[in-house]
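Thank you all for making time this morning. I would like to walk through one structure with you, going from its interior to its helix packing and then to its backbone geometry.

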Amino acid sequence: MNGAARLGVVLVNWNGWPDTLECLESLLRSTIPLRVTVVDNASTDGSLRHLAEWAEGGVAATATATAMARLSSPPVPKPVEAVTLDPTAARISSPGKGWLTFIDAGRNLGFAGGNNLGMAYLLRDPAIDYVWLLNNDTVVEAGAAAALLSQLDASFNVGMCGTVVCYYDRPDTLQCLNGSRFNPWTGVSTGIATNLPATTPYDPAAIASATDMVLGASLAVSRRFVDVVGPMAESYFLYLEEIDWAYRNRGRFPIGFARGAVVYHKDGGSIGSSDTKGARSPKADYWLLRSRLMFVRRHLPLLLPWHWLLTAALIVRRLLRRQPAKARVMLQALFGQHFKP
């Protein structure tokens, strides 16, 4: 970790400090210098205290799957130099020379707001050329950061870049290559190569070309991209921030793909946003539908009547499946009401 870092990493934590510790331990094994910022979105589980104790060597990271323990154990020697900032300091301070910063956001800023706060802080370091947004429930191969930085440097004018993402509990299976294709008629994203074996052969250039949106669990952006396109749209709070970013970027910066960067993702642990059919929680259903309608209203307004009809059909389907809680929250999202479980 010695030397100036050109790649910064943002992790957004919300009541998930055990996952965050495991991710940090894997990042500490990276083969290039990094500057890492953890933004805590007003956790109520003592996350900031546990994170600080880990940095001092008082709390150990634990892998939740035996096969993944190789990426986070044995523990890297502690203490790890870390700085903790309150919301005001985070918005005016410039990073020093330390590897790790914890930011107390003061309130739940959502996925986009937490990432934007971390990005703005890191980009005040003039040495940082790129920022890697990682879900806190991921772990990375030791060479992932180096492979990502190499691809970003090699790809002319790339603004957004993804990685290989495998399922944490099924590390031999792809969650996606780089990201997803997006269908504007359904508002649904389909992961590229989802559920295929990790050994499946592919053409990296074809994957980059097919990507409509990079998966937000492992999404790198360039400094120039942020300067020109702007930060993530915080009004979504959760879901579709990545496709909104991609639509705002159209015609500006190409999308890249770092084939040698491998990330393992636990997939939807925070609010039950699993990819598994039928496994999404009512809360996840609410925020997904709310964000989908917001996206259509902003970028595809002519399709809004169609998406209202589609939503009505989905609500009827939930009722026929005897899922009244999900139908109720989807009605709330449809009419712009606050989430009420």
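Let me begin with a definition: a cavity, as I use the word, is a set of grid points where a 1.4 Å probe fits but cannot get out, and its volume is the space filled by probe spheres set on those points. Please also keep in mind throughout that this is a predicted model.

With that in hand, a search of the whole structure finds one cavity of 30 Å³ or more, and the volume of this largest cavity is about 30 Å³. Its lining is made up of L289, R292, L293, H307, L310, T311 and L314. Two elements, α9 and α10, the latter covering 304-320, give two or more residues each to that lining, and the largest share, four residues, comes from α10. Sorted by class, the lining has four nonpolar, two polar and one charged residues.

Staying in this part of the chain, consider L303, which sits in the loop between α9 and α10. Is L303 buried or exposed? With a relative accessible area of 15%, L303 is buried, because the cut-off for that class is under 20%. Once neighbours within four places in sequence are set aside, L303 is in contact with P184, W185 and V296. Its C-alpha atom lies 9.9 Å from that of L293, with the two positions 10 residues apart in sequence numbering, and L293 is one of the residues that line the cavity.

I turn now to helix packing. Two packed helices are described by the angle between their axes and the distance between the axes. Here, helix α8, residues 241-249, packs with helix α9, residues 282-299, at an angle of about 10 degrees, and the axes are 10 Å apart. Why do we call α8 and α9 roughly parallel? The reason is that angles under 35 degrees count as roughly parallel, so the pair of α8 and α9 falls in that class. On the α8 side the contact involves I243, D244, Y247 and R248, and these meet F295, R298 and H299 in α9. The residues of this contact divide into three nonpolar, one polar and three charged.

One of those residues, Y247 in helix α8, deserves a moment of its own. Y247 has a relative accessible area of 16% and is therefore buried. Leaving aside neighbours within four places in sequence, Y247 is in contact with F182, P184, F295, H299 and L300, and P184 is also among the contacts of L303. From C-alpha to C-alpha, Y247 and R297 are 13 Å apart in space, while in sequence they are 50 residues apart.

F182 leads us on to V188, which lies in strand β10, residues 188-191. Outside its neighbours within four places in sequence, V188 is in contact with R181, F182, N183 and R292, and R292 is one of the residues lining the cavity. V188 is partly exposed, with a relative accessible area of 37%. For a pair separated in both senses, V188 and G57 are 131 residues apart along the chain, and their C-alpha atoms are separated by 43 Å.

Moving to the earlier part of the chain, H50 is found in helix α2, residues 47-56. H50 is buried, at a relative accessible area of 14%, and beyond its neighbours within four places in sequence it is in contact with W17, D45 and V59.

Finally, some points of backbone geometry. Where are the cis peptide bonds that I would like you to look at? One joins S73 and P74, with omega about 0 degrees, and another joins K78 and P79, with omega about 5 degrees. P74 lies in the loop between α2 and β3, the strand at 82-85, and P79 is likewise placed in the loop between α2 and β3.

There are also positive phi values in residues other than glycine, including N157, with phi near 65 degrees, and R322, with phi near 60 degrees. N157 lies in the loop between α5 (144-154) and β7 (160-167), and counts as partly exposed at 29% relative accessibility. R322, for its part, lies in the loop between α10 and α11 (324-334), and at 76% relative accessibility R322 counts as exposed.

Key: Residues numbered from 1 in each chain as written. Predicted model: local features only at pLDDT ≥ 70, side-chain atom pairs only at ≥ 80, totals over all residues. Heavy atoms only, no water. Buried < 20%, exposed > 50% of the residue type's maximum accessible area, 1.4 Å probe, protein only. Contact = heavy atoms within 4.5 Å. Axes fitted to C-alpha atoms, helices over the stretch in contact; angles between N-to-C directions. Parallel < 35°, antiparallel > 145°, perpendicular 65-115°, else oblique. Nonpolar A, V, L, I, M, F, W, Y, C, P; charged D, E, K, R; others polar. 1 Å grid on protein atoms, 1.4 Å probe; cavity = no way out; pocket = protein on both sides within 12 Å on 5 of 7 lines; lining within 4 Å.
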